[in-house]
Amino acid sequence: MALSASCCTVASSNINPLPSFPFKFPSLWPSTQKLKMGPLSVSPMGFGTWAWGNQILWGYKESMDDDLQRVFNMAVDNGVNLFDTADSYGTGRFNGQSEKLLGKFIRDFREKKGSRSEIVIATKFAAYPWRLTPGQFVNACRASLDRMQIEQIGIGQLHWSTANYAPFQELALWDGLVAMYDKGLVQAVGVSNYGPKQLLKIHDYLKERGVPLCSAQVQFSLLSMGEEQLEIKSICDSLGIRVIAYSPLGLGMLTGKYSSSKLPTGPRGLLFKQILPGLDPLLSTLREIANKRRKTMSQVAINWCICKGTIPIPGVKSITQAEENLGALGWRLSSDEILQLEYAAEESPRRMIQNIFQTR
């Protein structure tokens, strides 16, 4: 049975070890302190679910599902109510698995806890080449609703722009966002991987049609702190659009868990091998501040994103990661620490590779 719209607007460290599950952080971010994102109220950090169903990059197995349910429960119990997903998340036979798991976890959580807490699902619709009409994009939204078994999505997002390679398709996708909003399938709309120029264009296009642009996702971290990211942030601030920072830990490079002699398996290992040798200034500064703060490097890196006015959505697939990420909330880096980190990032000769779909 579908949930109602009101229900589902829908690390390396040298410090003391993190506590083990079950665990609940102090109520550092009560619901009254959530942030406004369009018509929604969201936690200052969300969780990304790219790994849920992705065998190739993140080694997903169905045996992980019980742990992922516990991760979800822990997040909601501790005030995190924003979960980012996409209709393309999941590989092979697990295509769409991330959305399916989120829907299941919400139902199970509410059945066992009896809670009606607002959970905001932000899902992204892929700009596949066969999605050429607004109607096809609306059908993609309905398919996501079916997978999650909910009646309304919190934020429906265009996963990427086709302006770089199929500009003729772009307008149909924009009209698809308008249609799913007008039909009440989503409470708000957003974009992902839009550069400054395209962001202004779609904002104005949607505004003319009475549809407010709620959010803009961009790769934003100490590893991807370029002029374009800062320009996007400035534009969003001026227009009242929330910036959602994906990959705030640089796929794990900012956790301190990896080195040139200790690389992750799979495709990430190849990327890390190229970038990690040039990150010594940044990683050393992260480690220094983390030790001084009695935090982990991951918590410092995520907190930096929060201090820059973004809503980071670190990926999470274990209780340990959930606990660690939650430790990024409830405190703030000082202005001097922020400057130290940004100077170290500038001094590090390597940067994160930008998403190939990122537009200008």
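This note goes through local features of a predicted model, point by point.

1. Strand S5. This strand spans residues 120-125, and six of its six residues are buried. In a regular strand the side chains alternate between the two faces of the sheet. Here both faces are covered: Val120, Ala122 and Lys124 are buried on one side, and Ile121, Thr123 and Phe125 are buried on the other. Note that a lysine, Lys124, is among the buried residues.

2. Neighbours of S5. Strand S5 pairs with S4 in the parallel sense, over five bridges. Within that pairing, Thr85 has Thr123 of S5 as its bridge partner. Strand S5 also pairs with S6 (residues 153-158), again in the parallel sense, here over four bridges. Opposite Lys124 stands Gln157 of S6.

3. The connection from S5 to S6. Helix H4, residues 134-148, takes part with S5 and S6 in a β-α-β unit. The unit is right-handed.

4. Asn78, ahead of S4. This residue lies in the loop that runs between helix H2 (65-77) and strand S4 (82-86). Its relative accessible area is 13%, under the 20% limit, so Asn78 counts as buried. The side chain of Asn78 reaches back to the backbone oxygen of Met74, at 2.8 Å.

5. Trp160, after S6. The loop between S6 and helix H5 (167-182) holds Trp160. With a relative accessible area of 10%, Trp160 is buried. Its side chain makes a polar contact with the side chain of Tyr165, at 2.8 Å. Trp160 also lies 8.4 Å from Phe125, C-alpha to C-alpha, although the two are 35 residues apart in sequence. Phe125 is one of the buried residues of S5.

6. Helix H10. How many of the residues of helix H10 (residues 297-307) are buried? The count is 11 of the 11, so the helix is largely enclosed by the rest of the structure. The buried set includes hydrophobic side chains such as Val300, Ile302 and Ile306, and it also takes in Ser298, Gln299 and Asn303. Trp304 and the two cysteines Cys305 and Cys307 belong to the buried set as well. The elements that cover these residues include helix H9 (280-293) and strand S10 (311-312), along with helix H11 (319-326) and helix H12 (335-347).

7. Backbone at the ends of H10. Arg294 lies in the loop between H9 and H10. Its phi is positive, about 55°, although Arg294 is not a glycine. After H10 comes Gly309, whose phi is also positive, near 85°. Most residues other than glycine have a negative phi. Arg294 is therefore the residue to look at here, as a non-glycine with a positive value.

8. Ser247. A further positive phi in a residue other than glycine is found at Ser247, near 55°. Ser247 sits in the loop between strand S9 (242-246) and helix H8 (267-275). It is buried, with a relative accessible area of 14%.

9. Aromatic pairs: Phe72 and Phe109. A search of the whole structure gives 10 aromatic pairs. In one of them, the ring centres of Phe72 and Phe109 are 6.1 Å apart and the planes stand at 85°, so the pair is edge-to-face. The pair links distant parts of the chain, with Phe72 in helix H2 and Phe109 in helix H3 (residues 97-113), 37 residues apart. Phe72 and Phe109 are both buried.

10. Aromatic pairs: Tyr258 and Phe272. This pair is edge-to-face too, at 5.3 Å centre to centre with 80° between the planes. Tyr258 is in the loop between S9 and H8, and Phe272 is in helix H8, 14 residues apart. Are the two partners buried or partly exposed? Tyr258 is partly exposed, at 22% relative accessible area, whereas Phe272 is buried, at 0%.

11. Ring cluster and a charge over a ring. Ring pairs join Trp52, Phe72, Phe83, Phe105 and Phe109 into a cluster. Elsewhere, Arg209 lies over the face of Tyr205, at 3.5 Å from the ring centre.

Conventions: Residues numbered from 1 in each chain as written. Predicted model: local features only at pLDDT ≥ 70, side-chain atom pairs only at ≥ 80, totals over all residues. Heavy atoms only, no water. Buried < 20%, exposed > 50% of the residue type's maximum accessible area, 1.4 Å probe, protein only. Polar contact = N/O pair within 3.5 Å; in protein donor to acceptor, adjacent residues only side chain to side chain. Pairing = 2+ DSSP bridges. Right-handed = clockwise from strand over helix to strand, strands pointing away. Contact = heavy atoms within 4.5 Å. Phe/Tyr/Trp six-rings, centres within 6.5 Å; stacked < 30°, edge-to-face > 60°. Lys NZ or Arg CZ within 6 Å of the ring centre and 35° of its normal.
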